[in-house]
Amino acid sequence: MKSRRIILNLLILICAFSLCAQTEKEKVIETTSKATIEGHIYFLADDLLKGRETGTPENKIAASYLANTFRRYGVKPNPKTGTFYQNVKLKRISPPNEVTIEINGQKINDYAFIFPSPVNTDSDAVYLNYGLENDYKGKSIKGKVIIIKSGSADTKDSRAAFDLREKKQGLAKSNGVTAIIELIDADENMWTFINHNFNGSKLMVAENEDHKSYNNQTAHLWVLDHNHEMADQLSTSQGITSKVTIGAKKEEIVMSQNVIGVIEGTDPILKEEFIIYSAHYDHVGIGAPDETGDTIYNGARDNAIGTTTVLSMAENLAKYPTKRSALFILFTGEEKGLLGSEFYVEHPVLPLRQMVYCFNSDNGGYNDTSLATIVGLQRTTAQQNIKDAAIIFGLTAIDDPAPEQGLFDRSDNVHFAKKGIPAPTFSLGFSSFDGEVTKYYHRPGDEADSLDYDYLLKFFRAYVMSGRHIANDPKTPVWTAGDKYEEAAKALYGN
């Protein structure tokens, strides 16, 4: 008789647990519909918003749409301003109009500014291989122009060239170089991307002292060199002449906005801890036309989808709050160098030590609709919360399959991680970083009607369920032991 009672009690507990889990699932399903998802994405990626470039009126329209969506859901505004905005003061630096580049009397037309510092020189140039430490040995280059190959002997792609720019810049400056011409081999799509991103205006946080050091850099340009033909020729030249003229830049102040909302938690103790739900809402604007003549870079994947994950979370929590409180932040300026998040961590609307987790969402593309790819999944103790949530909606959560791309450090989450806050990025499913992932990345074809909304419904629901699991877990999420940001966490939280 006693054993029957025990079995009966166990069955009751199991049933109660199942009902509880089912209730959580029902809460998520109730507040996330395909129609709502499509509505957000189609609006944010509409041609009328012209790619939502930071600092444009269309970017402000997007911010207004997001703020009013928060208001409609019942989210509380930014506690510091009483509005849903945080003004972000930026400085725009526009490239000079006066530019002349010649090598051995040949005028160069395909160039991109790395640092458009003013310079006017007509002198001999020195070919310096990759422009790294060993290449300077025994060379007299003070006051001269150096011509170098992009990347290094081991890493020659465009990302490697970008990652090495500061190192090469520092070496050139310390050796008294007047200007750097870096020869880069890139296909048409990559050069279009480089041209769009480097020859347009640059934005930076206005109060950041980095813009002063930006102004003091040695003039540095990338020059398109198909199949390294120019590099091969110059490497054997006995003498090289050059002419480099770069005029003055234009600087102006630009105001943009982070969009912020808050929902208080239900637990009298845990509500003092906040989960940040974040994404950037800006994109790259208008650029070079594609093969159809389209010039608007709509940014449906990057990052109307990420923005919609946060809106989905806000709609759910406004109706069904969790034990921990929620801070929603939609950033401006991510495409300009993670500027909105850089500004936010230095001007938080609530103390950073109360922020126990940053659940960021950012995207490029997808090649596997059975997955949700979480960049940094295994770096925090919330990984099981996320895996369990994904399974509920038929997805498998995996960690970053392409660590060589450095994706963790390429989105807004990294500024929070540097402060010590556990901060992975929830992304569309990709099992490898291939052409299916990148073919829409910063391209005019990234439009709302190119998406699989049956998959996205699962994806958004998995994000919302993940957030609920993390926010209701009695254990506070932390970095996995030994993570590079663990020491920063100890400094922030005092443990």
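Here is a short walk through a predicted model, from one helix to a buried asparagine and then on to some salt bridges.

Let's start at helix H7, which runs over residues 188–198. Several of its side chains are tucked away: Trp191, Thr192, Ile194, His196 and Phe198 are buried. Just ahead of the helix sits Asp187, which caps the N-terminal end of H7. To see the cap, look for a side-chain oxygen of Asp187 at 2.7 Å from the backbone nitrogen of Met190.

Now jump along the chain to Asn363. You'll find Asn363 in the loop that connects strand S17 (355–361) with strand S18 (371–375). Is this loop residue buried or exposed? Asn363 has 6% relative accessibility, and because the cut-off for buried is under 20%, Asn363 counts as buried. What does its side chain do in there? One polar contact, of 3.2 Å, goes to the side chain of Asn303. A polar atom of the Asn363 side chain also lies 2.8 Å from the backbone nitrogen of Leu428. If you set aside neighbours within four places in sequence, the residues in contact with Asn363 include Arg301, Asp302, Asn303, Ile305 and Gly306, along with Phe426, Ser427, Leu428 and Phe459. So both polar partners, Asn303 and Leu428, turn up in that contact list.On to charged pairs. Side chains of opposite charge can pair when their charged atoms come close. In this model the count comes to 18 salt bridges. One of them joins the side chains of Arg165 and Glu166, at 3.8 Å from N to O. Glu166 is out in the open here: with a relative accessible area of 54%, Glu166 is exposed, because the cut-off for that class is over 50%.

Another salt bridge pairs Glu182 with Lys168, and their closest N and O atoms are 3.1 Å apart. This pair links distant parts of the chain, with Glu182 in strand S8 (residues 179–184) and Lys168 in helix H6 (residues 165–174), 14 residues apart. Are these two partners buried or exposed? Both Glu182 and Lys168 are buried.

Further along, the side chains of Glu436 and Lys439 meet in a salt bridge of 3.3 Å, N to O. Glu436 has 40% relative accessibility and counts as partly exposed, and Lys439, at 42%, counts as partly exposed too. Finally, there is a network to look for: salt bridges that share partners join Glu24, Lys27 and Arg468 into one.

Conventions
Residues numbered from 1 in each chain as written. Predicted model: local features only at pLDDT ≥ 70, side-chain atom pairs only at ≥ 80, totals over all residues. Heavy atoms only, no water. Buried < 20%, exposed > 50% of the residue type's maximum accessible area, 1.4 Å probe, protein only. Helix = DSSP H or I, 4+ residues; strand = E, 2+ residues; numbered from the N terminus. Polar contact = N/O pair within 3.5 Å; in protein donor to acceptor, adjacent residues only side chain to side chain. Contact = heavy atoms within 4.5 Å. Salt bridge = Lys/Arg side-chain N within 4 Å of Asp/Glu carboxyl O.
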